Amino acid sequence: MKSLSHDLRERLDQLRQEGLYRCLRPVEGPQGVIIRMDGKEVINAASNDYLGFANHPALRAAAREALDRYGVGSGASRLICGTLAPHAVLEQALADFKGTESAVVFSSGYATALGTITALLESQDILILDKHVHACVVDAARLSGARLRIFRHNDPADLETKLRWASQERCKKSPASRVMVVTESLFSMDGEVAPLAELVALKEKYGAWLMVDEAHATGLYGARRRGLLEAFGLEERVEVQMGTLGKSLGSAGGYICGSRILIDFLVNRARSFIFSTAPLPAASAAAGEAVKRIQSSDGAERGHRLRLHLEKFRPGQAPLLPKTGLPPALTPIIPIMIGEEGRAVEIGQKLWQGGIYLPAIRYPTVSRGKARLRLTLSAAHTDEQVNQILKALASLGLNSP
Ligand SMILES: *Cc1c(COP(=O)(O)O)cnc(C)c1O
């Protein structure tokens, strides 16, 4: 057998040849719309900090206060003695915000999907996923051991085929098997909105459960900025609402909102919740502040500012109504498809030279040959920064879709 280093060197060389090698680039300062990397200040067009909360003074203050009161570490898992006040406060705030009976917080969105899906489904059960769901859902599905079916991206007709198959399986073989459909509401890599009303109608027709990951939609859509389920009036009809605390909410962690019985079950059965040290109290306190702030005039104004930026990329949307959240036709994720990996990297470097940080997104984050620039805008960008991004793209002949 080859030595470990020999083996890994060969595999890394292979990645380099395919244009897929990646390395870490530390940001020399706080997250924001201007970041300093490799000693150079650039406009950041790649973060998920859509509302500019990651370095917001109120979140910093909430984290600092929690740090002073509760220290750094949680010291234990949630079920032993790691549940500190900021966790309980955050969970109540999330349930109130989403209008659900209850909520539970995990240390990341990844852990949320992993723990939730593996707790709810067992090997005789059936999971049906949209082709483009996030890696954490794919990994959770594999780990659950449930039988897996993938429906074509945002294609309700194909979902129906899979649901019909699942019904037949239940009739023929295992009437006790559960069926759950999982989708994102706003897809993280293509910025597309799922046809949620159709998906909900289908899962109801076939008596399946539905889990919706609102990682990128929470804080942006709907009159109360709860997410796209709110914008479409579907919240009451979805069994499992998931999201993260590290995107619009500016902190870190993930959550499930739903019925009291769902949350009670997850606390008892979700392994990534049970066997993991509780989130840092400072992180949960900051997320709690973000949940409050999203519902305040600050949240509304930031949402409005983000909307004005997005209109520049996709003009001609509905009239401006500052308090109603983004219209689903506008998303803060604007993919610019390139295709070939090497070319995407090259374009990313040219943008970098022009003072814009917008790196290539490549396999395995997206399919091979579907490399892209994933442009994201933030409420914290200034008009001038948005114009600079537009100008830099135009100068490279890249018109946003
Ligand atoms: C980012 C993301 C996650 C994972 O959340 P983390 O808190 O970053 O672990 C899950 N689902 C989707 C759709 C995401 O974009």
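In this predicted model, N154 is buried, with a relative accessible area of 19%, a value that falls under the 20% limit below which a residue is counted as buried. The residue sits in the loop between β5 (147–151) and α7 (156–172), and its phi is near 55 degrees, which is a positive value in a residue other than glycine. Most residues other than glycine have a negative phi, and most peptide bonds are trans. A further exception to the first of these tendencies is found at D38, where phi is positive at about 50 degrees although the residue is not a glycine. D38 belongs to the loop between β1 (34–37) and β2 (40–44) and, with a relative accessible area of 52%, is exposed. A positive phi, of about 70 degrees, is also taken by G19, just after α1. As for the peptide bonds, the one that joins Y363 and P364 is cis, with omega at about 10 degrees, and P364 is placed in the loop between β12 and β13.

Helix α1 itself, which covers residues 4–17, allows a check of its length against its number of residues. At 1.5 Å a residue, its 14 residues should span 20 Å, and this agrees with the distance between its end C-alpha atoms, which are 20 Å apart.

Strand β5, which precedes the loop of N154, pairs with β4 in the parallel sense over five bridges, and one of the residue pairs places L129 opposite its bridge partner I150 in β5. Strand β4 (residues 126–130) is mostly covered, since five of its five residues are buried. The side chains of this strand are divided between two directions, with I126, I128 and D130 pointing one way and L127 and L129 the other way, and all of them are buried.

The loop of D38 joins two strands that take part in an open sheet of three strands, ordered β1-β2-β11 and mixed in its pairing. Strands β1 and β11 (356–357) stand at the edges, each with a single partner strand, so that one side of each is left without a neighbour in the sheet. Between β2 and β11, which run parallel, there are two bridges, and the bridge partner of N44 in β11 is Y357.

Another open sheet of three strands has the order β10-β13-β12, with antiparallel pairing. Its edge strands are β10 (333–339) and β12 (360–361), each of which pairs on one side only. Strand β10 is mostly covered, six of its seven residues being buried, and its antiparallel pairing with β13 extends over six bridges, with G339 standing opposite A371 in β13. On the other side of the order, β12 is joined by two bridges to β13 (residues 371–376), the two strands running antiparallel, and I361 stands opposite R372 in β13. The loop between β12 and β13 is the one that holds P364.

The model also contains a ligand, around which 14 residues are found, and of these G109, Y110, D213, H216 and K247 come nearest. Several polar atoms of the protein lie at short range from the ligand, as the following distances show. A polar backbone atom of G109 is 2.7 Å from an oxygen atom of the ligand, and a polar side-chain atom of D213 lies 2.6 Å from a nitrogen atom of the ligand. In the side chain of K247, an N or O atom is 2.7 Å from an oxygen atom of the ligand. On its own the ligand has 380 Å² of accessible area, of which the protein covers 82%. Among the secondary-structure elements, α5 (109–120) and β8 (240–244) each supply at least two residues of the shell around the ligand, and the shell as a whole divides into four nonpolar, seven polar and three charged residues.

A final feature concerns T218, in the loop between β7 (209–213) and α9 (228–231). T218 counts as buried at 2% relative accessibility, and its side chain makes a polar contact of 2.8 Å with the side chain of Y255.

Technical notes:
Residues numbered from 1 in each chain as written. Predicted model: local features only at pLDDT ≥ 70, side-chain atom pairs only at ≥ 80, totals over all residues. Heavy atoms only, no water. Near = heavy atom within 4 Å. Polar contact = N/O pair within 3.5 Å; in protein donor to acceptor, adjacent residues only side chain to side chain. Areas by Shrake-Rupley, 256 points an atom, 1.4 Å probe, with all protein chains shown as cover. Helix = DSSP H or I, 4+ residues; strand = E, 2+ residues; numbered from the N terminus. Nonpolar A, V, L, I, M, F, W, Y, C, P; charged D, E, K, R; others polar. Expected span 1.5 Å × (residues − 1). Pairing = 2+ DSSP bridges. Buried < 20%, exposed > 50% of the residue type's maximum accessible area, 1.4 Å probe, protein only.
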